[in-house]
Amino acid sequence: MRTAIRYAAILLALQIVGARVGIAGEVVQVKIADLAFSPAEITIKEGDTIEWVNGDFIDHTATANNGAWDVLIAAGQSARQQFDHAGTSKYFCRVHPDMTGTVHVIAGK
């Protein structure tokens, strides 16, 4: 009985701590299909994460024009990038440079 209570207390403590240190912000999806990002232009808040979901049968990247970040998104998979600073980033796919997008990150939560 004591062991069960101890495990329950530990589980509760881990849940409370996990809630406090969870992923900051929201996860917002950008879909990739037919060699295009959709939506191609997106506005998120500081601390939010973009999850690119690749519905194509070939690999893509989401690469910042200024080189600040570069995300490989394998065919049929997804990949994430968190944005912690306000500003605008234009990006493209290194494999298909005609695929472009823009991320607007606004200050505040």
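**Strand pairing, an aromatic cluster and one loop residue**

Strand E3 (residues 41-45) and strand E9 (residues 100-106) run parallel to each other and pair over five bridges. The model that shows this is predicted. The protein contains one helix and nine strands, and along the chain from the N terminus the order of elements is α-β-β-β-β-β-β-β-β-β.

**Overall figures**

- Of the 109 residues in the protein, 28% are buried.
- Among contacts with a separation of 6 or more, 50% are between residues 24 or more positions apart.
- The protein has an accessible surface of about 7,000 Å², and carbon and sulfur atoms contribute 57% of that.

**The sheet**

- An open sheet is formed by five strands in the order E3-E9-E8-E5-E6, with mixed pairing.
- E3 and E6 are the edge strands and each has a single partner, so one side of each lacks a neighbour in the sheet.
- From one strand to the next, the twist averages 20°.
- Strands of a sheet are held in pairs by backbone hydrogen bonds, in either a parallel or an antiparallel arrangement.

**Edge strand E3**

- Glu-41 is placed opposite Thr-102 in E9, and Ile-44 has Val-105 as its bridge partner in E9.
- The side chains of E3 alternate: Ile-42 and Ile-44 face one way and are buried, whereas Glu-41, Thr-43 and Lys-45 face the other way and are not buried.
- In a regular strand, such alternation places side chains on the two faces of the sheet in turn.

**Edge strand E6 and its hairpin**

- Strand E5 (residues 60-64) pairs with E6 in the antiparallel sense, over four bridges.
- One of the facing pairs is His-60 and Ile-73, the latter in E6.
- E5 and E6 make a hairpin with five residues between them, and Gly-67 in the turn has a positive phi of about 80°.
- Side chains also alternate along E6 (residues 70-73): Val-71 and Ile-73 point to one face and are buried, while Asp-70 and Leu-72 point to the other and are not.

**Aromatic residues**

- The structure has five aromatic pairs.
- In the pair of Trp-52 and Tyr-91, the ring centres are 5.6 Å apart and the planes stand at 75°, so this pair is edge-to-face.
- Trp-52 lies in strand E4 (residues 49-54) and Tyr-91 in strand E8, so the pair links distant parts of the chain, 39 residues apart.
- Trp-52 is buried, with a relative accessible area of 0%, and Tyr-91 is buried at 1%.
- Tyr-91 also pairs with Trp-69; this pair is tilted, with 5.6 Å from centre to centre and 50° between the planes.
- Trp-69 sits in the loop between E5 and E6, 22 residues from Tyr-91 in strand E8, and both Trp-69 and Tyr-91 are buried.
- Phe-37, Trp-52, Trp-69, Phe-83 and Tyr-91 belong to one aromatic cluster.

**Asp-84 in its loop**

- Asp-84 is in the loop between strand E7 (78-82) and strand E8 (87-92).
- Is Asp-84 buried or exposed? Its relative accessible area is 43%, so Asp-84 counts as partly exposed, a class that lies between the cut-offs of 20% and 50%.
- The side chain of Asp-84 has a polar contact of 2.8 Å with the side chain of Gln-82.
- Beyond its neighbours within four places in sequence, Asp-84 is in contact with Glu-46 and Gly-47.
- Thr-49 is 35 residues from Asp-84 in sequence, and their C-alpha atoms are 8.8 Å apart in space.

Definitions and conventions
Residues are numbered from 1 along each chain as its sequence is written. This is a predicted model: local features need pLDDT of at least 70, side-chain atom pairs count only at pLDDT 80 or more; totals for chains, interfaces and linings use all residues. Side-chain values use heavy atoms; hydrogens and water are left out. Helices (H or I, at least four residues) and strands (E, at least two) are DSSP runs, numbered from the N terminus. Buried means under 20% relative accessible area, exposed over 50%, partly exposed in between (1.4 Å probe, protein chains only). Contact means heavy atoms within 4.5 Å. A polar contact is a pair of N or O atoms within 3.5 Å; within protein, one must be able to donate a hydrogen and the other to accept it, and residues adjacent in sequence count only if both atoms are side-chain atoms. Two strands pair if DSSP finds at least two bridges between them. Accessible areas come from the Shrake-Rupley method with a 1.4 Å probe; for residues, only the protein chains shown count as cover. Axes are lines fitted to C-alpha atoms, for helices over the stretch in contact, and angles run from 0 to 180 degrees between N-to-C directions. Rings of Phe, Tyr and Trp (its six-membered ring) pair if their centres lie within 6.5 Å; planes under 30 degrees apart count as stacked, over 60 as edge-to-face and the rest as tilted.
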